[in-house]
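Reader: I am new to this structure and would like some help reading it. Could you walk me through its features?

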Amino acid sequence: MLEEMIRHALDEYEGEVSQSALRRYIGPNVRAADIQAVVDSMPDVVSYLGEPEGGGRCPLIHRRLNKDDVISFIIAKGFRHREDSSVPHSNEVRYYLVEKPKEDARKAKAEAERKRWDELWADAEESRKRAEHHARHMKMCREWGNANGFVVGARGAIPKAVREAYKEETGVEL
């Protein structure tokens, strides 16, 4: 019941609600410790101390975040041991909220760069294959022309009459 009310409050406040707003939403008869115990048991909600507005106390904020994602990120950054699976504390959550979007942007940029290079390499490979195909047919055209009574040099341009006769014979246009 309390978990449902917390989820409704999060929906009402678009995924992030302060402790005081949550208490107003749920009602004054529920203890803050009970609310915190339920939030701690919810795998997709974290609690952390928010930034104070104009000084004073920091409000406790409940936000929809996957706790496992936060913990994995903090472990990957080296701020926590793998064996420590306790609820992430405020500094860890704030660090996650600031640094995770930056890391995601860096990864997306690197992936876009890899994709761009893959496309460039694919274009280069296609161009190389076209050039090899053209060179092979130019050689075959010279050989064909010499074998069929045309005068074709070993280098330079192939006469138009030879290219047209080769095209009629093989169907390959040069």
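Author: Happily; we will take the sheet and then the helices that pack on it. Keep in mind that this is a predicted model.

Reader: Let's start with the sheet. In what order do the strands lie?

Author: The order is β1-β3-β2, in an open sheet of 3 strands with antiparallel pairing. β1, at 16–18, and β2, at 45–49, stand at the edges with a single partner strand each, so one side of each has no neighbour in the sheet. On average, neighbouring strands are turned by 25° against each other, direction ignored.

Reader: How many bridges join β2 to β3?

Author: There are 5 bridges, and the two strands run antiparallel. β1 pairs with β3, residues 60–64, over 3 bridges, again in the antiparallel sense.

Reader: Which residue of β3 stands opposite S18?

Author: That is I61 in β3. Y48 also stands opposite I61. For V17, the bridge partner in β3 is H62.

Reader: And how should I think about side chains along a strand?

Author: The general idea is that side chains in a regular strand alternate between the two faces of the sheet.

Reader: Now the helices. Which strands does helix α1 touch?

Author: Helix α1, residues 2–12, packs on the sheet and touches β1, β2 and β3. Its direction makes about 85° with that of β3. Helix α5, residues 90–147, packs on the sheet too, touching β2 and β3, and its direction makes about 105° with that of β2.

Reader: What span should the 58 residues of α5 have?

Author: The idea is to count 1.5 Å a residue, which gives an expected span of 86 Å for α5. The end C-alpha atoms of α5 are 84 Å apart, which agrees.

Reader: Where does α5 bend?

Author: The bend is at E99, by about 30°. A proline, P101, follows within four residues.

Reader: Which residues in α5 are buried?

Author: Here, buried means under 20% relative accessible area. Among the buried residues of α5 are S90, V93, Y96 and E99, and also H137, C141 and W144. What covers the buried residues of α5 includes β2, α4 (67–76) and α6 (160–170).

Reader: What follows α5 in the chain?

Author: G149 follows α5, with a positive phi near 90°.

Key: Residues are numbered from 1 along each chain as its sequence is written. This is a predicted model: local features need pLDDT of at least 70, side-chain atom pairs count only at pLDDT 80 or more; totals for chains, interfaces and linings use all residues. Side-chain values use heavy atoms; hydrogens and water are left out. Two strands pair if DSSP finds at least two bridges between them. Axes are lines fitted to C-alpha atoms, for helices over the stretch in contact, and angles run from 0 to 180 degrees between N-to-C directions. Contact means heavy atoms within 4.5 Å. The expected span of a helix is 1.5 Å times one less than its number of residues. The bend at a residue is the angle between axes fitted to the seven residues ending there and the seven starting there. Buried means under 20% relative accessible area, exposed over 50%, partly exposed in between (1.4 Å probe, protein chains only).
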